[in-house]
Number of protein chains: 4
Amino acid sequence: MLQVFEAMESEVRGYSRMFPAVFDRAEGSELFDVDGRRYLDFFAGAGALNYGHNDPAMRAALVAYIQHNGVVHSLDMATAAKGEFLQRFHDVVLEPRGLEYKVQFPGPTGTNSVEAALKLARKITGRHTIVSFTNAFHGMTLGALSITGNSFKRHGAGVPLTHSVVMPYCNYFEDELDSLAYLDTMVADDGSGVDKPAAIILETVQAEGGINVASEQWLRGLAALARGHEILIIVDDIQAGCGRTGPFFSFERAGIEPDLVCLSKSLSGYGLPLSVLLIKPELDVWEPGEHNGTFRGHNLAFVSATAALSYWKDDTLPRETARKGELVRSVLDAVVEDHPQLQGEVRGLGLINGIACPTPGIAAQVVREAFSRQLIIETAGPDDNVVKVMPPLVIDAEQLSEGLQIVRDSVRAVVDTMPHNTFAAMEATI
Amino acid sequence: MLQVFEAMESEVRGYSRMFPAVFDRAEGSELFDVDGRRYLDFFAGAGALNYGHNDPAMRAALVAYIQHNGVVHSLDMATAAKGEFLQRFHDVVLEPRGLEYKVQFPGPTGTNSVEAALKLARKITGRHTIVSFTNAFHGMTLGALSITGNSFKRHGAGVPLTHSVVMPYCNYFEDELDSLAYLDTMVADDGSGVDKPAAIILETVQAEGGINVASEQWLRGLAALARGHEILIIVDDIQAGCGRTGPFFSFERAGIEPDLVCLSKSLSGYGLPLSVLLIKPELDVWEPGEHNGTFRGHNLAFVSATAALSYWKDDTLPRETARKGELVRSVLDAVVEDHPQLQGEVRGLGLINGIACPTPGIAAQVVREAFSRQLIIETAGPDDNVVKVMPPLVIDAEQLSEGLQIVRDSVRAVVDTMPHNTFAAMEATI
Amino acid sequence: MLQVFEAMESEVRGYSRMFPAVFDRAEGSELFDVDGRRYLDFFAGAGALNYGHNDPAMRAALVAYIQHNGVVHSLDMATAAKGEFLQRFHDVVLEPRGLEYKVQFPGPTGTNSVEAALKLARKITGRHTIVSFTNAFHGMTLGALSITGNSFKRHGAGVPLTHSVVMPYCNYFEDELDSLAYLDTMVADDGSGVDKPAAIILETVQAEGGINVASEQWLRGLAALARGHEILIIVDDIQAGCGRTGPFFSFERAGIEPDLVCLSKSLSGYGLPLSVLLIKPELDVWEPGEHNGTFRGHNLAFVSATAALSYWKDDTLPRETARKGELVRSVLDAVVEDHPQLQGEVRGLGLINGIACPTPGIAAQVVREAFSRQLIIETAGPDDNVVKVMPPLVIDAEQLSEGLQIVRDSVRAVVDTMPHNTFAAMEATI
Amino acid sequence: MLQVFEAMESEVRGYSRMFPAVFDRAEGSELFDVDGRRYLDFFAGAGALNYGHNDPAMRAALVAYIQHNGVVHSLDMATAAKGEFLQRFHDVVLEPRGLEYKVQFPGPTGTNSVEAALKLARKITGRHTIVSFTNAFHGMTLGALSITGNSFKRHGAGVPLTHSVVMPYCNYFEDELDSLAYLDTMVADDGSGVDKPAAIILETVQAEGGINVASEQWLRGLAALARGHEILIIVDDIQAGCGRTGPFFSFERAGIEPDLVCLSKSLSGYGLPLSVLLIKPELDVWEPGEHNGTFRGHNLAFVSATAALSYWKDDTLPRETARKGELVRSVLDAVVEDHPQLQGEVRGLGLINGIACPTPGIAAQVVREAFSRQLIIETAGPDDNVVKVMPPLVIDAEQLSEGLQIVRDSVRAVVDTMPHNTFAAMEATI
């Protein structure tokens with residue numbers, strides 16, 4: 001049945017090449033293809049399935065809403081479903097954290113939220129430049145692409161990408177450079193050639209960029225620096241938010257309060273398109289209708305998102321995420337230790353973790369080996385050199401062990417089958 | 001219950017101000033608010049609800065898929081639901097029309113599709129400039145915004161919008177200008193200052209721009225002109241496609257075959273976010289993964305979209321749309337005739353129609369009057385001067401009559417309550 | 001001696017290919033090469049030598065100044081030479097015409113002046129877009145290039161040219177289009193997609209663009225339109241100013257007063273680099289030093305420019321220019337009439353005139369024929385299809401007759417030696 | 001007589017405010033105002049007067065040429081004067097240094113040359129981005145401004161400046177950062193977000209930027225880095241070239257050969273506008289006429305430039321420059337030592353030297369004090385915090401001593417008259 005995809009779907013398709021199966025059903029951390037073959041999911045929809053596939057409570061809410069003939073499409077009209085989501089989001093997420101934000105529904109995808117954030121930051125400040133970071137990933141539309149690091153994606157724009165300045169992310173240069181001091185000087189110096197920016201946009205953990213975790217100190221320093229220069233801080237929490245790093249927002253660990261926050265991916269809980277831009281109340285200077293979009297009011301997503309927020313009524317989920325994350329990293333540490341030829345480096349926080357492998361092509365081979373063992377896992381990083389381990393947050397203990405064992409086996413298989421001198425040669429050249 | 005929206009939702013919200021109710025349920029052409037009040041829908045989700053709200057066959061398919069635990073979120077992996085959609089789209093839409101297109105899923109919103117089209121056109125040609133038209137509307141992300149006409153929306157970008165050239169749409173200048181000859185000269189002349197464009201993007205009927213219908217002759221001339229200069233033609237059929245003008249594609253009436261076609265809005269049938277970019281096979285030069293996005297694989301939308309294509313197995317729907325469209329225009333003609341003070345002009349094709357009212361503010365008053373009579377209807381045009389009449393295609397005869405009567409009554413109410421000399425003054429100044 | 005140029009000078013050189021001689025001396029309307037061969041000059045330094053070569057009074061002033069050890073280079077310090085120029089410019093040019101302008105010395109070339117004008121217009125209005133016209137030519141630096149029409153020159157930028165919108169010049173479309181109504185609508189309509197411009201820049205007679213003369217009515221209409229929309233008017237009078245069309249400023253015939261005026265080329269009188277930007281006093285919002293440049297204070301040019309203004313103490317020169325212009329056009333009319341195969345069209349005003357020849361390559365052949373007869377003359381127009389006849393304003397009657405006779409002979413030679421069927425073929429395809 | 005400047009000249013004028021006199025005559029290192037007051041010149045036309053004012057040999061050549069009726073204005077036609085300049089430049093500058101360059105005359109100002117270099121680099125490579133450095137100064141036209149560091153000048157553009165990336169110059173960050181490693185990583189990393197540049201443009205000594213001298217090692221490293229990534233190197237030698245640092249080209253000390261070199265300022269020798277772009281022969285890919293300009297052929301400047309090259313027939317001038325430079329720096333060192341409150345830092349190379357003074361406003365006060373003592377000297381640096389000492393290279397020993405004594409006296413006067421606690425306060429806050 002893959003033929004219809006080859007015949008009909010654009011060459012741009014990617015994951016269907018990496019995972020050549022036709023998927024049919026899914027539950028929790030498991031996927032099943034049309035032949036009934038079972039796959040374990042350490043991919044989690046690239047962060048859109050933190051609560052696993054087809055969570056029963058959300059499923060029940062969706063079916064009930066559909067059978068009730070609940071309004072499905074509503075642009076930005078008021079609906080009962082949206083009202084409940086807003087109220088629940090306030091009660092469960094914002095209020096307990098002492099956060100105040102207005103909520104914009106800028107269209108249902110992450111890149112809609114990023115584009116809205118850039119527009120609003122420019123409107124608020126009257127400035128053009130956005131500071132972004134090395135290895136950042138923010139989306140594929142023209143504004144979001146201009147602040148994305150990956151050169152292959154950037155090249156796809158077909159026009160020069162402008163109005164952005166890239167700065168080194170935390171630890172991009174290991175010891176030699178204090179990236180905050182660098183940014184501070186470039187922004188403050190009237191002779192630097194860097195125009196005063198409207199905003200600094202960042203992921204607190206870069207996912208696509210190779211699982212790079214910014215330190216809490218760096219995040220606090222950045223927030224202070226931005227405040228000092230009256231530059232807005234935008235946190236793109238599309239992949240790292242909704243509990244992926246443990247707490248609901250990935251920036252909670254640093255105790256900072258961004259001016260604007262982009263959420264999407266796991267926000268709907270069920271994998272349905274939904275995105276919000278959170279705006280500090282005093283910065284909500286939009287005119288009515290100044291940004292719009294057809295699918296701002298995706299009510300099925302409001303329904304599942306409201307149900308998903310039940311996970312946040314107490315601290316069970318973040319504690320579990322922290323515990324599972326430690327387990328994952330301990331296994332990955334062991335893998336790296338067992339295979340010194342891999343020259344692997346374990347990275348991560350909460351349940352976004354990975355092994356960076358400097359030898360080109362190794363990470364992709366591990367992913368292929370894993371798929372042959374029915375584990376779905378992908379690579380990250382500008383050169384696809386990081387094996388990215390990202391199960392649903394709700395994965396149970398057995399599935400987690402099973403998947404980690406497959407990761408171990410897959411790495412071993414790749415290391416074993418490669419000629420010994422490949423590594424020797426690599427070591428010599430590095 | 002509107003308080004939660006005022007307290008929590010960004011000032012950017014628009015329709016909830018125009019239609020101050022909290023909607024709960026919907027069926028076909030009817031909406032119900034939380035107090036059970038019924039509203040007739042002549043708005044159809046701005047074109048996203050051509051098949052009405054909560055079509056029973058689609059609803060059943062959705063519930064069955066959800067209860068089956070069908071995969072909901074799949075990025076661009078192959079799924080059974082996507083395969084069925086592709087096959088059905090081929091069998092019901094492309095093959096019978098002798099069209100060959102590859103299908104890209106660029107993200108679930110129209111603007112994702114437009115951004116992908118611009119990127120691909122620039123990649124194919126190696127050129128930067130996109131020609132768009134006066135009063136065009138293509139979306140809110142930075143690339144799409146650069147080819148959108150509305151100055152209020154454009155201003156929201158916060159940066160200058162570049163790499164686009166605007167040309168007069170069909171009949172933008174009434175008699176005085178042959179807009180195709182103008183475009184041809186500007187593109188062909190080495191001294192014109194217009195860089196050779198990668199593509200020309202157009203809506204065959206401009207919806208947001210004020211319900212402007214391009215003539216078939218103009219569309220054919222434009223296609224010939226583009227071919228002659230080796231410029232790509234992109235049809236943005238996001239609002240006018242999926243049967244809104246009668247046939248599935250709005251360009252069928254002109255017998256042209258665009259190089260790229262953007263579809264969204266009613267594509268999923270059920271108001272769920274879904275978008276495709278159709279690409280002539282020889283132009284499908286994407287590299288795998290060169291454009292991506294989290295919600296490219298929205299399987300609930302594939303399921304409802306597949307069900308929606310059942311409407312296209314024969315020509316009942318387009319014939320009905322044509323018939324209803326004639327009825328709508330005959331009523332609107334009568335309205336205009338009955339109220340010469342309105343100086344109204346009826347515009348439209350199929351079931352996208354409207355009355356342009358030159359007096360500022362009149363169209364908005366008609367909309368308010370209609371809402372007070374429980375009819376949902378909106379304005380279009382750069383100055384909101386067009387009353388836009390756009391019921392679901394599947395509306396039944398009684399509902400259509402009922403709604404048109406409300407339009408009549410609303411216009412009459414506006415005309416009657418305005419001081420007579422307002423119109424006199426207007427006439428004097430125009 | 002041409003070898004040193006071939007060996008050492010960049011391939012970018014152009015005129016030395018068209019006029020393959022090494023020039024040594026010059027007087028009035030005559031040039032002499034190193035072998036003493038005499039050439040008549042109907043080119044006048046592309047407008048920089050309106051007063052001919054090496055005018056004796058200016059020569060004497062220059063020699064005296066140099067021998068006095070007058071300050072030659074002074075950036076924008078005050079010098080006696082600059083003070084005299086400013087006073088003379090005020091007394092002879094501005095005051096008698098009732099014009100009030102502040103004078104900026106933005107660097108000594110025309111493109112410096114254009115760049116300064118664009119910067120100032122954007123600063124004054126806070127807007128980005130500049131409206132320019134089809135076939136405009138304003139210079140080669142990045143800002144000036146973005147408002148230049150010629151695609152070959154534009155392509156040289158190597159980056160997309162932005163922040164400009166091109167509009168049809170007077171009579172660009174013959175009967176079919178009222179270019180002012182077009183511009184008015186595009187600027188006024190909130191849906192047109194044309195961002196409100198900071199300024200409209202124009203040449204009142206397009207020189208490089210093919211000798212296109214804007215009508216007085218059009219110029220007045222344009223000025224009124226700009227005023228109505230609070231858009232600045234910049235006249236680039238670099239080539240058409242300093243008497244080339246008769247009066248000192250080319251816009252005098254229309255009775256308009258531009259907000260900003262760029263002058264260069266013949267301003268120094270002696271072919272020395274000098275440029276000014278004239279600024280309405282209330283628009284002189286520059287901060288000290290906000291625009292600078294090393295050669296703003298070219299005192300030799302001030303000295304010759306002051307001397308050159310002696311030509312403007314009475315109306316002898318403009319009257320002579322008008323008279324000679326009529327003579328030129330009558331001869332060109334006769335040439336066109338004598339050679340119907342040429343399909344020539346005579347264009348021009350004052351002493352900037354030419355024959356447009358639709359057959360590709362013909363104008364260049366005429367120029368080559370003329371050079372073989374020791375007349376220096378060039379082509380204009382985006383496809384080099386206009387024979388441009390532009391002697392010094394001070395040319396004497398005999399030289400003018402002699403040159404015009406060579407033009408006649410050259411056209412005849414080209415027409416005679418071309419196969420008859422070339423024209424037939426041309427006519428068939430046009 | 002300053003009134004005419006106030007009444008007539010734009011507010012943009014700067015030096016005439018700093019040096020409020022009306023200058024008349026000049027010889028060597030001396031200027032005289034209209035009242036006969038003598039001023040010593042430690043400014044040298046911001047680098048345009050390396051050979052002093054009105055050098056007798058050049059003066060004689062100019063007068064002879066003018067009296068011979070030599071062609072003055074010639075666009076890019078071949079002239080005897082240009083041929084002689086090219087031959088002399090080859091014989092005296094290029095050949096003895098083993099350099100091969102084609103010569104483009106891009107217009108007579110430095111910014112013309114920079115704009116041409118950017119265009120050519122983009123054409124050669126097909127890339128858009130230009131890397132420039134912190135505190136760079138390259139000119140005021142739009143392309144040159146986009147690679148200039150000074151925020152006040154940049155702001156004057158009125159549009160966002162694009163297609164450039166700024167990197168830290170040598171020692172911009174003192175110990176903490178290896179600026180070459182930083183640049184190398186940002187250019188090489190596919191995830192950095194820095195698009196591969198067409199060229200890197202630099203001054204080997206930044207003049208306007210505050211007299212920052214790049215080390216020879218850094219220059220060699222930069223050249224190697226650029227070669228490794230196939231990025232062009234453009235040296236803007238407009239101010240530091242023509243002997244200002246000692247050798248003719250400022251890059252000779254590092255033994256590098258840039259791909260493109262911009263020269264202007266002192267090139268003509270006499271302060272006349274002249275500029276060249278030197279192009280490695282294999283990179284001379286211009287089409288004829290692809291870049292043009294009215295004053296490319298400024299023959300008076302060719303004549304004086306040819307005469308000026310007589311200074312380069314042996315190594316007297318560079319040896320003298322080195323010797324005088326050491327003297328200047330030893331005096332400046334003493335000044336700094338004598339006045340610890342100044343916290344001064346001596347910078348420079350050859351005869352471009354200065355004292356950086358961290359206390360805001362101090363440098364400007366020194367300049368005013370010096371002017372009151374009839375020494376012309378200016379500030380440099382983004383905050384005007386560097387006293388820039390730049391006499392003509394040909395200054396005689398007595399004048400040099402006299403001027404340096406005035407510098408000493410002026411610094412002392414400033415230090416003495418300032419309240420002591422100002423410095424204390426400064427020290428406390430730094």
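Here, contact means heavy atoms within 4.5 Å of each other, and that is the sense in which "packs against" is used in these legends of a predicted model.

**View 1. Helix α11 of chain C and what it packs against.** The buried residues of α11(C) touch three elements of chain C: α4 (56–67), β4 (78–79) and α5 (80–94). They also pack against a helix from another chain, α11 (299–308) of chain D.

**View 2. A closer look along α11(C), residue by residue.** Buried here means under 20% relative accessible area. With 10 of its 10 residues buried, helix α11 (residues 299–308) of chain C is largely enclosed by the rest of the structure, so don't expect to see much of it from outside. Among the buried residues are C:Asn299, C:Ser304 and C:Thr306. The buried set also includes C:Leu300, C:Phe302 and C:Val303, along with the alanines C:Ala301, C:Ala305, C:Ala307 and C:Ala308.

**View 3. The fold of chain A.** Count along chain A and you get 15 helices and 18 strands. Its radius of gyration is 22 Å, close to the 22 Å that the globule rule gives for 430 residues, so chain A is as compact as a globular protein of that length. Its C-alpha atoms fill a box of roughly 65 × 60 × 45 Å along the principal axes.

**View 4. Inside and outside chain A.** Of the 430 residues in chain A, 68% are buried. Take the contacts between residues at least 6 apart in sequence: 73% of them join residues at least 24 apart. On the outside, the accessible surface of chain A is about 13300 Å², and carbon and sulfur atoms account for 48% of that. As for charge, chain A carries 35 positive and 55 negative side chains, with the centres of the two sets 3 Å apart.

Definitions and conventions. Residues are numbered from 1 along each chain as its sequence is written. Chains are lettered from A and ligands numbered from 1 in the order in which they are written. This is a predicted model: local features need pLDDT of at least 70, side-chain atom pairs count only at pLDDT 80 or more; totals for chains, interfaces and linings use all residues. Side-chain values use heavy atoms; hydrogens and water are left out. Helices (H or I, at least four residues) and strands (E, at least two) are DSSP runs, numbered from the N terminus. The radius of gyration is taken over C-alpha atoms; the globule rule is 2.2 Å times the number of residues to the power 0.38. Buried means under 20% relative accessible area, exposed over 50%, partly exposed in between (1.4 Å probe, protein chains only). Accessible areas come from the Shrake-Rupley method with a 1.4 Å probe; for residues, only the protein chains shown count as cover. Lys and Arg count as positive and Asp and Glu as negative; His and the chain ends are not counted. The place of a charge is taken as NZ of Lys, CZ of Arg, CG of Asp or CD of Glu.
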